[in-house]
Amino acid sequence: MSTIRYGLIGAGYLGKALVRALNRHDDATITAIFDPLTGDAFAAEFGATVYADWKELCAADDVDAVIVASPNWAHHEQVVEAARLGKAVFCEKPVALSYEHTVNMVEAAQASGSLFMVGHVTHFMSGVRRAKELIAEGAIGDIVFCRAVRNTWEGQRDGSSWKKQQALSGGHLYHHIHELDLVLSLLGEASTVTMVGGNVAHRGVGEGSEDDVLAALLEYDGTRFAAIEYGSAFRWTEHYVLIEGTQGAIRLGMQGDGCELRTPDRVERFPLHRTPEEEESRAAFYNRGERDASALFGTPNADVPLWMAGILEEETDYFHALMRGGEVREEFRSLTDGSAALASLATADAMMLSQREGRKAAVTDITAGAPANV
Ligand SMILES: NC(=O)c1ccc[n+]([C@@H]2O[C@H](COP(=O)([O-])OP(=O)(O)OC[C@H]3O[C@@H](n4cnc5c(N)ncnc54)[C@H](O)[C@@H]3O)[C@@H](O)[C@H]2O)c1
């Protein structure tokens, strides 16, 4: 059995965790690393070659798949180049900062027949998978409404971090595209969206430039609706996804508070993560009383918490299985056929269009060619 050779672009908080998870497999090896800051130090862990130019890494003969975990703004060129050269690509979320760039990525992968997987890791959470099973069994009837909330407070924000610069990260909406993607995976693509938002509590020097309050409504031709909130101006931290159906409801607690199905005659509790230890580490992540933005979202030299390592293992195990010729699983099909990436970026761009122009926007405004928003 031949070994799959991985190259990493962006060896920071997430990139390191991804390749450490891949390296658990006997038939995987990390051969190449590019990172302008951490490359030399991290490459030694694997005996990998350090590249000074990511394009050379993409072209290297001993790289079968490129893992792109660079800052959000850098993904576009890197994915397109790797795919153009026929390499398989795994790209962290958000894959891009516009629908237009996402189309370029998907088309580049399709043109060369390369595998292109988007890192929407929530699909691999045990609780999300259980919720989808329950919904498929008809446990809550037809979904009529979803509410996703990811609100917290960030104190003094490290404005020098790319994660706090709207032009580099896309701001909360793009950087935390997980909740939007999850709602779309449950309800399908919305017809119209409305978003309001702004920077209401972080206007000082060195505070970064992203909007710290975002509130959006998604409409499905008047038959179903969703509401999504994001932000870092909230003194009451909330993080959950609520799925309301005609026969019952499911709440996915994202703060280590577990998940629950409620119907008139049934209550079922289930964890978001694989083990009690992972669930506890999720609760600890929220209860540490620390709300510094760069600490909350990880820094290049920090290690990911246990719960995140767990879902990254599940996600990279699947990617590695595909690299080995494994079958695409129906529940994860949207991650490799381009549809999850395209739908989430088209919807995010439509939300930005709505906010910018102060109007309800159709997602087709974006897919028909409206300009990029970030
Ligand atoms: N799936 C998740 O839940 C999750 C969580 C955190 C981060 N992420 C994503 O992972 C990616 C990386 O985030 P992170 O938290 O590791 O950030 P980070 O800042 O910790 O690491 C980014 C690394 O990229 C390097 N870098 C800078 N410019 C680069 C370039 N042009 N090309 C390649 N590398 C470059 C930096 O030196 C740094 O080491 C982002 O897309 C982010 O959204 C996903």
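The crossing of α1 and α12 is right-handed. By right-handed I mean that the near helix is turned clockwise from the far one by less than a right angle; anticlockwise would be left-handed. Helices here are DSSP runs of H or I with at least four residues, strands are runs of E with at least two, and both are numbered from the N terminus.

Quick ground rules. This is a predicted model: local features need pLDDT of at least 70, side-chain atom pairs count only at pLDDT 80 or more, and totals for chains, interfaces and linings use all residues. Residues are numbered from 1 along each chain as its sequence is written, and side-chain values use heavy atoms, with hydrogens and water left out.

Back to that helix pair. Helix α1 covers residues 13-22, and helix α12 covers residues 306-323. They pack at an angle of about 60°, with axes 9 Å apart. Axes are lines fitted to C-alpha atoms, for helices over the stretch in contact, and angles run from 0 to 180 degrees between N-to-C directions. So α1 is oblique to α12. The cut-offs: under 35 degrees is roughly parallel, over 145 roughly antiparallel, 65 to 115 roughly perpendicular, and the rest oblique.

Who touches whom? From α1 come Tyr13, Leu14, Ala17, Leu18, Ala21 and Leu22. From α12 come Met308, Leu312, Glu313, Glu315, Thr316 and His320. Contact means heavy atoms within 4.5 Å. By class, that contact has eight nonpolar, two polar and two charged residues. Nonpolar is Ala, Val, Leu, Ile, Met, Phe, Trp, Tyr, Cys and Pro; charged is Asp, Glu, Lys and Arg; the others, Gly among them, are polar.

α12 has another partner. Helix α10, residues 276-287, packs against α12 at about 125°, with the axes 7 Å apart. That makes α10 oblique to α12. Glu277, Glu278, Ser281, Arg282 and Phe285 of α10 meet Leu306, Trp307 and Gly310 of α12. The split is three nonpolar, two polar and three charged.

Now the sheets. One open sheet has six strands in the order β3-β2-β1-β4-β5-β6, with parallel pairing. Two strands pair if DSSP finds at least two bridges between them. At the edges sit β3 (49-50) and β6 (116-119), each pairing on one side only. Inside, β1 (residues 4-9) and β4 (residues 65-68) pair in the parallel sense over four bridges. Tyr6 has Ala65 in β4 as its bridge partner. Helix α4, residues 75-84, packs on this sheet and touches β1, β4, β5 (88-92) and β6. Its direction makes about 165° with that of β5. α12 turns up again here: it lies across β1, β2 (28-34), β4, β5 and β6, running at about 165° to β5.

One residue to look at: Gly12, in the loop between β1 and α1. Is Gly12 buried or exposed? Buried, with a relative accessible area of 12%. Buried is under 20%, exposed over 50%, partly exposed in between, using a 1.4 Å probe and protein chains only. Leaving aside neighbours within four places in sequence, Gly12 is in contact with Asp35 and Pro300.

The other open sheet has nine strands with mixed pairing, in the order β14-β13-β12-β11-β7-β10-β9-β8-β15. Its edge strands are β14 (266-270) and β15 (361-362). Strands β7 (residues 143-153) and β10 (residues 224-231) run parallel, joined by seven bridges. Arg150 stands opposite Tyr230 in β10.
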